Amino acid sequence: MPARRAQLSRDRIRRSLTNLGECQLKLQKYAAAEVSLHEAWEMSKQDVNARWPYFNVQRLLATAMLKQKRYQEAEPLLLEAHEGLVRGSGANRYVRALFIPETIDSLVELYENTGQKAKAEHWKGKRAKDSK
């Protein structure tokens, strides 16, 4: 029973850090968001049951890096997050309706900002196809 309580406590802390990081992103406090989200991401790595939540935190962390123009760090995280969210979302409509499109939007922004027009167009096409 104590182990179960400890896991529930860790889950709450991870969710709270993720929520804090999301708020910091919305307030354009990108460096602060990165700190909160990195901690939540590290906690998610240890939770084998946190499949899509892990990739959700990863995409948010990558977005914080993207907004700080740290494109090389953000790109692999966004690509992996997209793949993980698609693979791990299953029937979760919320993930498919919100997190996947937002990840694609971040990839488009990254490629537009780095002058990679073909890649930006690829992801725009994927976004248009997915929204149908």
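## Reading a six-helix chain

Me: What share of the 132 residues of the chain counts as buried?

Reply: Of those 132 residues, 41% count as buried. The term means under 20% relative accessible area; exposed means over 50%, and partly exposed lies in between (1.4 Å probe, protein chains only). Before we go on: this is a predicted model, in which local features need pLDDT of at least 70 and side-chain atom pairs count only at pLDDT 80 or more, while totals for chains, interfaces and linings use all residues. Residues are numbered from 1 along each chain as its sequence is written, and side-chain values use heavy atoms, with hydrogens and water left out.

Me: Which elements make up the secondary structure of the chain?

Reply: Helices (DSSP runs of H or I, at least four residues) and strands (runs of E, at least two) are numbered from the N terminus. Here there are 6 helices and 0 strands, so from the N terminus on the order is α-α-α-α-α-α.

Me: How much of the chain's contacts with a separation of 6 or more comes from residues 24 or more positions apart?

Reply: A contact means heavy atoms within 4.5 Å. Pairs 24 or more positions apart supply 51% of the contacts in the chain with a separation of 6 or more. As for the outside, the accessible surface comes to about 7900 Å², and carbon and sulfur atoms hold 53% of that. Such areas come from the Shrake-Rupley method with a 1.4 Å probe; for residues, only the protein chains shown count as cover.

Me: What span should helix α5 have, given 1.5 Å a residue?

Reply: The expected span of a helix is 1.5 Å times one less than its number of residues. For the 21 residues of α5 (residues 93–113) that should be 30 Å, and the end C-alpha atoms are 30 Å apart, which agrees. The 17 residues of α3 should span 24 Å; the end C-alpha atoms of α3 are 25 Å apart, which agrees.

Me: Which elements do the buried residues of α5 pack against?

Reply: A general idea helps first. An α-helix has 3.6 residues a turn, so residues three or four places apart point the same way. In α5 the buried residues include Phe99, Thr103, Ser106 and Leu110. The buried residues of α5 pack against α3 (51–67), α4 (71–88) and α6 (117–130). α3 is itself mostly covered, with 14 of its 17 residues buried.

Me: Is Leu66 buried or exposed?

Reply: Leu66, in helix α3, is buried, because its relative accessible area is 2%. Leaving aside neighbours within four places in sequence, Leu66 is in contact with Tyr71, Ala74, Ser106, Glu109 and Leu110. Leu66 and Glu109 are 43 residues apart in sequence, with C-alpha atoms 8.4 Å apart in space.

Me: What does His82 touch, beyond residues up to four places away in sequence?

Reply: His82 sits in helix α4 and counts as buried, because its relative accessibility is 7%. Its partners are Ile100, Thr103, Ile104, Leu107, Trp123 and Lys126.

Me: Which side chain does Ser36 join through a polar contact?

Reply: A polar contact is a pair of N or O atoms within 3.5 Å; within protein, one must be able to donate a hydrogen and the other to accept it, and residues adjacent in sequence count only if both atoms are side-chain atoms. Ser36 belongs to helix α2 (residues 30–45), and its side chain has such a contact, of 2.9 Å, with that of Gln24. Ser36 is buried, because its relative accessibility is 7%. Not counting residues up to four places away, Ser36 also touches Leu17, Leu20 and Gly21, among others.

Me: Where is Gln28 found?

Reply: Most residues other than glycine have a negative phi, and most peptide bonds are trans. Gln28 is not a glycine, yet has a positive phi of about 60°. Gln28 is found in the loop between α1 and α2 and counts as exposed, because its relative accessibility is 58%. Lys69, in the loop between α3 and α4, also has a positive phi, of about 65°. Lys69 counts as exposed at 60% relative accessibility. Gly115, just after α5, takes a positive phi of about 75°.
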